[in-house]
Amino acid sequence: MPPLTAIERFFERLFERPSARLFRARLQPVQLQRRIERAMEGERLTTSDRTLVPNRYIVRLHPLDLAEFGDMTGTLASELADGALAFARAHRYTVVDRPRVDLIADPAIDRTDIRVDARFADALPGRAGHGPVALIHDDDAAANFADQTATRVFAIPKPSAPRAVLRVTDPNGRTRDVVVEAGGLTIGRATDNDLVAMDGQVSRHHGRIVGRRGTLVYADLGSTNGSRVNGIPVTEVVLGVGDRLEVGDTALVVEVAAALE
């Protein structure tokens, strides 16, 4: 843990927890979101051309604090994962796939305290990437994890997924499904592209979708008008199910985000 992060955590424990106990304040989702963002910042890795951040976040809470979220626990995990993805995109960080957040009941955690473990994990093809299921791939790790939690642990297989599929909406409103084959897919007005856009706002060679380490990655090829994913300008980003890629006035929605073999 970087020194600055450790200092921040020390003062949070020093001031926040006693006041929370005094006034019996319950944890709020925004507090969990901020701790996830700090964990992301604290574990980021900078290379020559990008900044990589963890894609798995285990949030440990006291069982009573977790119980206070009630039936919204599963939804909360998904919203926290979406928030982590938005934070990463806003800071132009790179993640290998959509972040996953697991909320874990841990009796060793003090009331109103929050502990976030952030780590890098290989992408699982064809999965949206968030929810309350723990990512455990071996029996010893699963047993150790189960001893520390009050939630059920599942071993998640790595399935063989179909090719990625995009729902394309042209500027005239016509829709079509486009399959992204193993070699990837190029997008642009020129007829040598795999997806030829009938759109004057799209460059001749606008962008390309490729498979990378089991993920679906879109890269803008220096287009004139740029590219957006879910309304945010991007140059390169990992795509997941439901993401909306906009090039010019053409929209491409990811229906299946699969590993390209």
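Modeller: Two strands pair if DSSP finds at least two bridges between them. Keep in mind that this model is predicted.

Colleague: How many bridges join strand β15 to strand β16?
Modeller: Strand β15 covers residues 244-247, and strand β16 covers residues 250-256. The two run antiparallel. At least two bridges are needed for a pair. Here the bridges number four.

Colleague: Which residue in β16 is the bridge partner of Glu 246?
Modeller: Strand β15 spans residues 244-247, so Glu 246 belongs to β15. Its bridge partner lies across in β16. That partner is Ala 251.

Colleague: Which strands are the edges of the six-stranded open sheet?
Modeller: The order is β7-β6-β16-β15-β12-β13, with antiparallel pairing. An edge strand here pairs on one side only. Neighbouring strands of this sheet are turned by 30° against each other on average, direction ignored. The edges are β7 (175-180) and β13 (232-234).

Colleague: Is Leu 166 buried or exposed?
Modeller: Leu 166 sits in strand β6, residues 164-169. Its relative accessible area is 1%. The cut-off is under 20%. Leu 166 is therefore buried.

Colleague: What distance separates the C-alpha atoms of Leu 166 and Val 178?
Modeller: These two residues are twelve places apart along the chain. Leu 166 also touches Val 178, and its other contacts include Ile 209, Leu 252 and Val 254. The C-alpha separation is 5.1 Å.

Colleague: What is the strand order in the open sheet of five strands?
Modeller: The pairing in this sheet is mixed. The edge strands are β9 (195-196) and β14 (236-239). Read across, the order is β9-β8-β10-β11-β14.

Colleague: Which residue in β11 is the bridge partner of Arg 208?
Modeller: Strand β10 (residues 207-212) and strand β11 (residues 215-220) pair in the antiparallel sense. Six bridges hold that pairing. For Arg 208, the partner in β11 is Ala 219.

Colleague: Why can side chains pair through charge?
Modeller: The pairing depends on the sign of the charge and on the separation. Side chains can pair because their charges are opposite and their charged atoms come close.

Colleague: How many salt bridges does the count come to?
Modeller: A pair counts when a side-chain nitrogen of Lys or Arg is within 4 Å of a carboxyl oxygen of Asp or Glu. Arg 111 and Asp 65 qualify, at 2.9 Å from N to O. By this rule the count is 17.

Colleague: How many residues apart are Arg 111 and Asp 65?
Modeller: Arg 111 lies in the loop between β4 (100-105) and β5 (115-119). Asp 65 lies in helix α3 (residues 63-67). Arg 111 is partly exposed at 30%, whereas Asp 65 is buried at 1%. Along the chain they are apart by 46 residues.

Colleague: What separates the closest N and O atoms of Asp 170 and Arg 176?
Modeller: Asp 170 is buried, with a relative accessible area of 5%. It forms a salt bridge with Arg 174 at 3.1 Å, N to O, and Arg 174 is partly exposed at 44%. Arg 176, partly exposed at 22%, also forms a salt bridge with Asp 170. In that second bridge, the closest N and O atoms are apart by 3.0 Å.

Colleague: Which residues do salt bridges with shared partners join into one network?
Modeller: One link is the salt bridge between Arg 111 and Asp 65. Shared partners extend the group. The members are Arg 26, Asp 65, Glu 68 and Arg 111.

Notes: Residues are numbered from 1 along each chain as its sequence is written. This is a predicted model: local features need pLDDT of at least 70, side-chain atom pairs count only at pLDDT 80 or more; totals for chains, interfaces and linings use all residues. Side-chain values use heavy atoms; hydrogens and water are left out. Axes are lines fitted to C-alpha atoms, for helices over the stretch in contact, and angles run from 0 to 180 degrees between N-to-C directions. Buried means under 20% relative accessible area, exposed over 50%, partly exposed in between (1.4 Å probe, protein chains only). Contact means heavy atoms within 4.5 Å. Lists of a residue's contacts leave out its neighbours within four places in sequence.
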